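Q: I have a structure here that I haven't looked at before. Can you walk me through it?

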Amino acid sequence: MNSQVDSARARHRAEVRQALAEEGRLLVWELLSVAAVIGFIVIRQLWLV
Amino acid sequence: MVQLAHWLAQLGLWTLVAMVLLGAVPLVAAVCQFLLIGLHRLRHHYRDTSAFEPRVAILVPAWNEAAVLEASIDRLVGLEYSPDRLRVYVVDDASTDATPEVVQAKARQYPGMVVHLRRDKGGQGKAHTLNHGLRTILADDWMQALLIMDADVIYEPDSLRKMTRHLADERVGAVTAYIKEGSRPGNYLQRFVAYEYITAQAAARRAQNVLGALACLAGGAQLHSRANLEAIGGQIDTSSLAEDTFTTFNTQLAGNRVVFEGNATVWAEEPDGIVGLWKQRLRWARGNVQVTLRFRHLWFHPNRDHKLGSISFGIFWFSLFLLPVFMIASSAALLTLYFVDFPLSWLVFRQLWIINAISYLFITCFALAIDPATARRAWLEAVLFPGLVSVAIIAYTCAPVGFEAAVWWWGEHTGLVWGSVTTRVAMLIAYSWLSLCMPIAWLGKKAEELGRGWLSPLFIYLGGYGPLLCAVTFTSYIRELRGAEMTWDKTIKTGKVAISA
């Protein structure tokens, strides 16, 4: 019984780590998307208009 | 007197400019919402979760769902969850197909885990069906948490466990999951829905987690604690077409938190035709009108007990709810400016579309990164979500010189004379496009109704899927103003959901 509880807790911790990693990935992509937009604005102002 | 006339003229012009810029409000609000997503890494509910497995009753409303129920029940029973802590209650809403036989066969196959409840009088809508099941489930104290779902949705094996972990925190009353479009192979419309769900669920609901106020628990994936169900009166609101949104609001008004679990995935089959999609979305949109009116005392009234009255939540809600109003006001003001002060109209038009272009670029890039699997499947629909014409206007705004050169080159090779009249017509279409795109997208539905369904994709790609939803919202205003009957048009499901899990 105890081993089942330990295993459930370990699995929970692993899944939370995985979820936080996913949220971290989204944060990185958000920053990259903002960088892409800033890059686009600079390119537009310099070469496209 | 002359000065007063001049002052009034200036006031009129600036009012028109402000009205034009209203057209950018929904996209700017969406950008703000998307910017909150990154904060979800810092402001989340995971630190208050634990390996918690309450006894879960799964409530499945079913009306003529024989085609999908067998697979759904098998999947539910096979969830990664202790079997002795799981029961499936199928409320058969007076089905006339093989639904009773399918459920009874499953009840024999999984004794004690599958329960068949039958309503002799059906067709009153999902909320009545749910309440029938709720009365039975609440009558004994076995259930600690209740999962409300749709008969056709398929839960990933670990999804329920990922949802229940949030209920370890007693402040949480309800949890919802990320519903993904699961039809395979699926058609163009289902790929549009797949992309829409990234923006409306995976993105928007994460942002709402950060704000601390959730707009809607997905109808196909609502997990409630028993305490929450009792706090909201032990039943689902039957007076509207948006029973899930009412439940979401009532939960938060009862002082309980609502959490979106973006890593719990649930697959659903969405309509493969515009007429079916229109009926489904019109029901949702009319429900939103009813919610907006019913909870009118909440909007923009910050409250200590819940965040539904916060300014930010109100802005996000109304930027979508009033989308058609913003679009029509913007186009009308632009066209007026065109005749009153053309140089100013051209300046404002370009500023409006530069804002739209930047917003579109950011939202599309980020949304595709949020769900890479859906992005691989629906990238074209993501790019063309606002419609081909809007994308062309965005391209022109971004690179006017290159765009004009391309148009001239195209004109020379096709023999199209690009004279002043053509330019003026193109300009008037571009000015009015924020409104015009809605009837163009609506023609896609009309084509399907007239048996010319092959034309529908053309109208949707041209006018845009976003504008189609906008047209639905506009229609919902009219239906509600007319007090049209609240009919529950069931979405036809064929069991085409296929997932690898």
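Q: How does the lining of the second largest pocket divide by class into nonpolar, polar and charged residues?
A: The lining has 15 nonpolar, two polar and one charged residues. Here Ala, Val, Leu, Ile, Met, Phe, Trp, Tyr, Cys and Pro count as nonpolar, Asp, Glu, Lys and Arg as charged, and the others, Gly among them, as polar.

Q: What should I know about the model itself?
A: This is a predicted model: local features need pLDDT of at least 70, side-chain atom pairs count only at pLDDT 80 or more, and totals for chains, interfaces and linings use all residues. Residues are numbered from 1 along each chain as its sequence is written, chains are lettered from A and ligands numbered from 1 in the order in which they are written, and side-chain values use heavy atoms, with hydrogens and water left out.

Q: Back to the pocket. Which residues lie nearest its centre?
A: F403(B), W418(B), A426(B), M427(B) and A430(B), out of 18 lining residues in the second largest pocket. A pocket is an open set of points on a 1 Å grid over the protein atoms alone where a 1.4 Å probe fits, with protein on both sides within 12 Å along at least five of seven lines; lining residues have an atom within 4 Å of a point.

Q: And which helix gives the most to that lining?
A: α17(B), with seven residues. Helices are DSSP runs of H or I with at least four residues, strands are runs of E with at least two, and both are numbered from the N terminus.

Q: New topic. How many residues does each chain put into the contact?
A: Chain B gives 33 residues and chain A gives 25. Contact means heavy atoms within 4.5 Å.

Q: Which residues of chain B supply the most buried area there?
A: R41(B), R161(B) and C398(B) supply 20% of the area that chain B buries against chain A, more than any other three residues. Together the two chains bury about 2,500 Å², 64% of it on carbon and sulfur atoms. Buried area is the accessible area (1.4 Å probe) that two parts lose on being put together, summed over both.

Q: How many salt bridges are there between the chains?
A: Three. A salt bridge is a side-chain nitrogen of Lys or Arg within 4 Å of a carboxyl oxygen of Asp or Glu. E15(A) forms one with R165(B), the closest N and O atoms being 4.0 Å apart.

Q: Which residue does R161(B) pair with in a salt bridge?
A: E80(B), with the closest N and O atoms 2.8 Å apart. That pair links distant parts of the chain, 81 residues apart: E80(B) is in the loop between α3 and β2, and R161(B) is in helix α6.

Q: Where is there a cis peptide bond?
A: Between R184(B) and P185(B), with omega about 5 degrees. P185(B) lies in the loop between β6 and α7 of chain B.
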